[in-house]
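Student: I have a model open and would like to go through it with you. Where shall we begin?
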Amino acid sequence: MISKINLKLLITLICFAFLGNSIYGNFDSLSNQTITSEEILWIFWGTIFSFFSIIINAYAWKLLINNIGCSINNLNIIQLFLATNIYKYLPGGIWHFVSRYKKLRLELSNEKSIESILLEPILMLVAGFVFIPFRGLNLPIYILCWSSTLLFLPTFRQSLIKKLKTIKANIFTNYDNIKDRDLAKNSQNISTSLFYPYKPLFVEIIFIFFRFIGFLCCVHAFSIGSLISYGELISSFSFAWIIGLIVPAAPGGLGVFESVILFSLSSHLPEAPLLASLFCYRLVSTVSDILAALIYPVKKIFKV
């Protein structure tokens with residue numbers, strides 16, 4: 001546990017040091033960046049697309065839960081996802097998973113609750129890999145990235161779930177009365193009559209695309225969108241987003257996503273406007289998460 005915390009701290013410090021050095025070297029150019037009504041309009045549309053991407057992500061999770069053979073009538077899955085998504089910014093980066101698990105296990109078995117939570121990030125990763133080859137016409141890269149979709153074939157999927165339950169057992173055993181050995185035992189109860197999650201994966205791909213459009217709007221806000229092909233931009237965005245998702249660092253991938261984008265695109269785009277775009281996108285995505293979390297509370301207040 002200590003080594004994991006130290007690794008998170010180390011990666012976070014490295015990313016922040018990299019960003020800090022870039023900010024220091026471009027401070028004058030950054031301070032000269034201006035925001036006019038046109039830039040505000042781009043940022044507004046970036047917020048709109050980012051906001052709807054979260055709702056799409058929630059719907060993909062609902063489809064995934066249905067795909068593993070679970071039907072929940074007494075729990076609004078989309079509401080649960082939107083309400084807990086904001087918890088990813090809390091220290092530890094696991095509280096959105098823990099909160100979802102506590103709600104799901106009231107309606108599902110322990111193993112199905114855990115399975116639905118652990119498969120969701122994998123679905124996001126596979127959807128992200130779909131866009132990485134768009135940088136160029138490199139057939140091996142297409143084959144390598146798109147072969148990730150094979151993870152959801154029944155044989156690979158069962159093995160993946162078992163491994164994930166073993167690796168991530170502490171997330172759930174630390175906050176409930178479930179023993180590690182119980183999780184291992186429950187892993188044997190994974191249904192073999194699984195269907196490939198075509199619908200959840202397709203919707204998740206749309207989520208990534210909407211997320212990218214939000215980022216693209218921020219890039220256009222600082223007039224550098226036309227300096228690079230959209231294929232290269234979405235490829236770099238998807239790669240950075242995946243790294244931010246899987247690398248242990250600050251909550252919400254703070255600093256990691258920005259560092260990867262800056263490292264991969266600073267040779268193609270002016271660094272100061274790129275930095276401004278990244279800071280703008282971080283603000284846009286955070287505001288979107290907050291707005292999405294407020295949907296159902298606001299509906300309850302106004303009885304809509």
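Tutor: Which residues does His96 touch, not counting residues up to four places away in sequence?

Student: This is a predicted model. His96 is found in helix H5, residues 95–104. With neighbours up to four places away set aside, His96 touches Thr84, Tyr87 and Lys88.

Tutor: Is His96 buried or exposed?

Student: The cut-off for buried is under 20% relative accessible area. His96 has 8% relative accessibility, so it counts as buried.

Tutor: Take Gly128 next. Which residues is Gly128 in contact with, leaving aside its neighbours within four places in sequence?

Student: Gly128 is found in helix H6, residues 110–129. Its relative accessibility is 0%, so Gly128 counts as buried. Beyond four places in sequence, Gly128 is in contact with Ile208, Ser238 and Ile242.

Tutor: What separates the C-alpha atoms of Gly128 and Trp146?

Student: Gly128 and Trp146 are 18 residues apart along the chain. Their C-alpha atoms are separated by 9.8 Å.

Tutor: Now helix H11. How far does H11 reach from its first C-alpha to its last?

Student: H11 covers residues 198–221, which is 24 residues. At 1.5 Å a residue, 34 Å is expected. The reach in the model is close to that, at 35 Å.

Tutor: Why is H11 described as largely enclosed by the rest of the structure?

Student: The reason lies in the burial of its residues. H11 is largely enclosed because, of its 24 residues, the number buried is 17.

Tutor: What phi does Ser223 take?

Student: Ser223 comes just after H11. Its phi is positive, about 60°.

Tutor: Is H11 roughly parallel or roughly perpendicular to H12?

Student: Two packed helices are described by the angle between their axes and the distance between the axes. H11 packs on H12, residues 230–246, with the axes 10 Å apart and an angle of about 115°. That angle makes H11 and H12 roughly perpendicular.

Tutor: Which residues of H12 make the contact with H11?

Student: H11 passes H12 in a right-handed crossing. From H11, the contact uses Phe207, Ile208, Phe209, Arg211, Phe212, Phe215, Leu216 and His220. From H12 come Tyr230, Leu233, Ile234, Phe237, Ser238 and Trp241.

Tutor: How many residues of that contact of H11 with H12 are nonpolar?

Student: One residue of the contact is charged and two are polar. The nonpolar ones number 11.

Tutor: Last, the whole protein. What percentage of its residues count as buried?

Student: The protein has 15 helices and zero strands. Of its 304 residues, the share that counts as buried is 50%.

Methods:
Residues numbered from 1 in each chain as written. Predicted model: local features only at pLDDT ≥ 70, side-chain atom pairs only at ≥ 80, totals over all residues. Heavy atoms only, no water. Helix = DSSP H or I, 4+ residues; strand = E, 2+ residues; numbered from the N terminus. Expected span 1.5 Å × (residues − 1). Buried < 20%, exposed > 50% of the residue type's maximum accessible area, 1.4 Å probe, protein only. Axes fitted to C-alpha atoms, helices over the stretch in contact; angles between N-to-C directions. Parallel < 35°, antiparallel > 145°, perpendicular 65-115°, else oblique. Left-handed = near helix turned anticlockwise from the far one by under 90°. Contact = heavy atoms within 4.5 Å. Nonpolar A, V, L, I, M, F, W, Y, C, P; charged D, E, K, R; others polar.
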